[in-house]
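Reader: Hey, got a minute to walk me through this one? I'd like to start with how the helices pack and then get to the rings.

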Amino acid sequence: MESELLLFANWSTLVVSMVLKFPQIITIIAAKSAQGVSLKSLLLELTGFIIFLRYQVYYSYPLETYLEYPIFIAQDGILLLFVFYYTGSLNQALPYIAIFIAGWHVLALQKWIMDLAMNLCTFISASSKFAQLQSLWQTKNSGQVSALTWGLASFTCVTRIFTTLMTTNDFIVLVRFVVLLILNIWVTITVLQYRTKEKKTD
């Protein structure tokens, strides 16, 4: 029974991950605007994804426990390009690409660098959620922020809490997913609250 649940958790996470950022990307393209989507949040989130993936690869964790992260990184990269494009700052993308590629290589140079980065990873990823929340609070408008994307992210955190407990039982990884679950739900609720207010105003 446990093996079946683990298989379901891994595959459902992978399937959801394949479309996780699509609602957000489609919303931005349809509106031709990235209003409400925090650039700082995206950059911090991508940083957290890269550190987490590098950590998993470095310690040779089972592939099925992190297979969605290359997909997350690719989708975040595409989403970032659209945000840069619609904010008129596409020329700023290249330096960030160079920094992320260099960071990937630097992380694995020494074990202590990898471990330190992973210890900071939860803080970095949590900061990305707070950056989006801050953007919502400041504008008091959900703009083009997709509640569905944040809801799907919450689901992947739930499944990863389960798979972590069932496989590696890595405490640092577990804490990260619990913290991110809480913050993803918070962002989702905030977006829905502002969307409801906007509809009432209309």
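Author: Sure, and keep in mind that this is a predicted model. One term up front: a crossing is left-handed if the near helix is turned anticlockwise from the far one by less than a right angle, and right-handed if clockwise.

Reader: Ok, so which hand does the crossing of α3 and α6 have?

Author: Left-handed, for α3 and α6.

Reader: And what's the angle between α3 and α6, and how far apart are their axes?

Author: Helix α3 (residues 39-58) and helix α6 (residues 111-139) pack at about 150 degrees, and their axes are 8 Å apart. Angles over 145 count as roughly antiparallel, so that is what α3 and α6 are to each other.

Reader: What kinds of residues make up the contact of α3 with α6?

Author: The split is 11 nonpolar, 8 polar and 6 charged.

Reader: Switching to rings. How many aromatic pairs are there?

Author: The count comes to 13 aromatic pairs. One of them is F49 with F72, which is stacked, at 5.1 Å centre to centre with 25 degrees between the planes.

Reader: Where do F49 and F72 sit in the chain?

Author: F49 is in helix α3 and F72 in helix α4 (residues 68-86), so the pair links distant parts of the chain, 23 residues apart.

Reader: Are those two buried or exposed?

Author: F49 is buried, with a relative accessible area of 8%, and F72 is buried at 4%. The cut-off for buried is under 20%.

Reader: What about F52 and F177, what's the geometry of that pair?

Author: F52 and F177 are edge-to-face, with 5.5 Å between centres and 75 degrees between the planes. F52 lies in helix α3 and F177 in helix α8 (residues 171-201), so this pair ties together parts 125 residues apart in sequence. F52 and F177 are both buried.

Reader: Which residues form the aromatic cluster?

Author: F49, F52, Y69, F72 and F177 form one cluster.

Reader: I care about cation-ring stuff too. Which charged end sits over the ring of F52?

Author: That of R176, 4.5 Å from the ring centre of F52. R176 also lies over the face of F177, at 5.6 Å from that ring's centre.

Reader: Back to helices for a sec. How do α1 and α7 pack?

Author: Helix α1 (residues 2-19) and helix α7 (residues 147-166) pack at about 150 degrees, with axes 9 Å apart. That angle is why α1 and α7 are roughly antiparallel to each other. Their crossing is left-handed.

Terms used: Residues are numbered from 1 along each chain as its sequence is written. This is a predicted model: local features need pLDDT of at least 70, side-chain atom pairs count only at pLDDT 80 or more; totals for chains, interfaces and linings use all residues. Side-chain values use heavy atoms; hydrogens and water are left out. Axes are lines fitted to C-alpha atoms, for helices over the stretch in contact, and angles run from 0 to 180 degrees between N-to-C directions. Helices (H or I, at least four residues) and strands (E, at least two) are DSSP runs, numbered from the N terminus. Angles under 35 degrees count as roughly parallel, over 145 as roughly antiparallel, 65 to 115 as roughly perpendicular and the rest as oblique. Ala, Val, Leu, Ile, Met, Phe, Trp, Tyr, Cys and Pro count as nonpolar, Asp, Glu, Lys and Arg as charged, and the others, Gly among them, as polar. Rings of Phe, Tyr and Trp (its six-membered ring) pair if their centres lie within 6.5 Å; planes under 30 degrees apart count as stacked, over 60 as edge-to-face and the rest as tilted. Buried means under 20% relative accessible area, exposed over 50%, partly exposed in between (1.4 Å probe, protein chains only). A charge sits over a ring if NZ of Lys or CZ of Arg is within 6 Å of the ring centre and within 35 degrees of the ring normal.
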